[in-house]
Amino acid sequence: MKLYTIEANGNEYVAVLVNDKMIKLESLGIKVKNMNDLIQHFEELKDKLINSVEKIEMNHKLGKSENFSEADSKENDSEINYLEAKDYKVLAPIPVPLQDVICLGVNYRSHIEETVDVLDFTKKADTVYFSKRVNRCNTPDGIIPNYDMVDSLDYEVELGVILKKDAFRVSVEEAADYIFGYTIINDVSARNLQLKHQQWYFGKSLDGYTPMGPCIVTADQIGDVHKLDISCYVNDEKRQSSNTEYMITTVEEAISELSRGITLKAGTIIATGTPGGVAMGMKPPVFLKTGDIVRCQISGIGEIINTVG
């Protein structure tokens with residue numbers, strides 16, 4: 001399933017895409033406050049959600065009316081309310097994360113090699129972890145702020161992983177059972193601030209620096225997560241092009257290692273690193289400027305398109 005957070009009539013809703021049309025979960029008799037609420041109660045709600053979606057898809061194929069009987073849903077026995085694209089706005093799937101986003105640094109060999117003159121990680125033996133403060137995730141089509149204090153604005157397309165249940169002391173083999181789904185994250189970075197301070201926290205965490213979306217694709221729909229094409233374009237120029245098979249630390253390895261001593265709560269977001277092709281690695285560097293359009297894509301998930309403002 002592709003799950004979205006949308007805004008309609010000034011309110012936020014969780015929705016699912018069925019037959020290329022958006023449906024609010026509440027119209028299926030599934031009432032949740034937000035995506036975090038859905039994730040935390042997913043085990044008890046998933047059968048109803050899956051059955052509802054499958055019924056709609058089957059009726060669509062058969063050309064039948066897409067009505068829910070009282071037996072199907074006590075909360076809704078009327079015709080399914082498809083939303084017109086003009087009537088809603090797609091937000092980040094998790095607009096307000098429960099905690100900081102956990103990030104993997106230099107997790108593709110191509111990124112290590114291109115940034116060796118700035119940050120030499122060629123001899124690193126262990127995964128680099130850092131966190132990214134996110135007061136509110138930027139939308140899939142939102143403006144990336146161009147702050148006066150930033151003179152080297154950079155992009156980083158990354159696969160985002162969302163956990164569906166608390167993970168503690170989870171083995172690599174068990175890790176997949178804890179994954180709710182996947183999304184796209186642009187780990188926007190102020191390189192001058194990142195390199196100015198000993199920690200990367202400030203340069204990675206400015207408001208608007210975490211575009212995310214357009215949706216969460218549930219883990220059962222994604223196939224092999226380490227066989228996904230990942231790319232980034234700036235003004236239609238391809239800057240990054242790789243595949244998640246080239247991750248140094250896999251998704252499962254990261255979950256296992258982090259959970260050895262940290263309880264990763266349901267709803268935890270992990271950004272798994274970016275491949276080569278960032279602006280900092282170009283010679284000379286070609287950083288983002290006002291008006292630039294950044295398009296991040298991952299196969300099976302979609303794309304997010306943000307403009308620097």
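Which elements each supply at least two residues of the lining of the second largest pocket? In this predicted model, the elements are α2, β11 (179-186) and α6. The second largest pocket holds about 170 Å³ of space. Its lining consists of M1, F42, E43, K46, I50, K164, A176, I179, F180, T218, A219 and D220. Helix α2 provides the largest share of this lining, with four residues. By class, the lining of the second largest pocket divides into seven nonpolar residues, one polar residue and four charged residues.

The largest pocket has a volume of about 230 Å³. The residues that line the largest pocket are M1, K2, L17, V18, I50, V53, E54, E57, V217, D220 and Q221. Two or more of these residues come from each of β2, α2 (42-62) and α6 (219-222). Here too α2 contributes four residues, the most of any element in the lining of the largest pocket. Six residues of this lining are nonpolar, one is polar and four are charged. M1, I50 and D220 appear in the lining of the largest pocket and also in that of the second largest pocket.

Enclosed space was examined next. A search of the whole structure finds two cavities of 30 Å³ or more. The largest cavity has a volume of about 120 Å³. Its lining comprises 18 residues, and V106, H111, E156, Q194 and W200 are those that lie nearest the centre of the cavity. Strand β6 (101-105) and helix α4 (191-196) each give at least two residues to this lining. The lining of the largest cavity is made up of seven nonpolar, six polar and five charged residues. The second largest cavity contains about 40 Å³ of space. It is lined by R133, V134, N135, R136 and S205, together with L206, D207, G208, Y209 and T210. Three residues of this lining are nonpolar, four are polar and three are charged.

W200, one of the residues nearest the centre of the largest cavity, also takes part in an aromatic contact. Four aromatic pairs are present in the structure. In one of them, F121 and W200 are arranged edge-to-face, with 6.1 Å centre to centre and 90 degrees between the planes. F121 lies in the loop between α3 (109-114) and β7 (128-132), and W200 in the loop between α4 and α5 (201-204), so the pair ties together parts that are 79 residues apart in sequence. With a relative accessible area of 18%, F121 is buried. W200 is likewise buried, its relative accessible area being 14%. F130 joins F121 and W200 in one aromatic cluster.

Two lysines are placed over aromatic rings. K21 lies over the face of Y82, at 4.8 Å from the ring centre. K165 lies over the face of Y178, with a distance of 4.6 Å from the ring centre.

The strand pairing begins at the N-terminal part of the chain. β1 (residues 2-8) and β2 (residues 11-18) are antiparallel and share six bridges. Within this pairing, A8 stands opposite N11 in β2. The two strands form a hairpin with two residues between them, and N9 in the turn has a positive phi of about 55 degrees. β2 also pairs with β3 (residues 21-24), again in the antiparallel sense, over four bridges. The bridge partner of L17 in β3 is M22. Two residues separate the strands in the hairpin of β2 and β3, where N19 takes a positive phi near 55 degrees. Strand β2 is thus a partner of β1 and of β3, and it also supplies two or more residues to the lining of the largest pocket.

A further group of five strands forms an open sheet in the order β8-β18-β17-β14-β15, with mixed pairing. β8 (143-144) and β15 (237-243) stand at the edges and have a single partner strand each, so one side of each is left without a neighbour in the sheet. Inside this order, β14 (residues 229-234) and β17 (residues 293-298) pair in the antiparallel sense over five bridges. C232 has C296 in β17 as its bridge partner.

Key:
Residues are numbered from 1 along each chain as its sequence is written. This is a predicted model: local features need pLDDT of at least 70, side-chain atom pairs count only at pLDDT 80 or more; totals for chains, interfaces and linings use all residues. Side-chain values use heavy atoms; hydrogens and water are left out. On a 1 Å grid over the protein atoms alone, a cavity is a set of points where a 1.4 Å probe fits but cannot get out, and a pocket is an open set with protein on both sides within 12 Å along at least five of seven lines; lining residues have an atom within 4 Å of a point. Grid points are joined across faces, edges and corners, and a volume is the space filled by probe spheres set on the points. Ala, Val, Leu, Ile, Met, Phe, Trp, Tyr, Cys and Pro count as nonpolar, Asp, Glu, Lys and Arg as charged, and the others, Gly among them, as polar. Two strands pair if DSSP finds at least two bridges between them. Rings of Phe, Tyr and Trp (its six-membered ring) pair if their centres lie within 6.5 Å; planes under 30 degrees apart count as stacked, over 60 as edge-to-face and the rest as tilted. Buried means under 20% relative accessible area, exposed over 50%, partly exposed in between (1.4 Å probe, protein chains only). A charge sits over a ring if NZ of Lys or CZ of Arg is within 6 Å of the ring centre and within 35 degrees of the ring normal.
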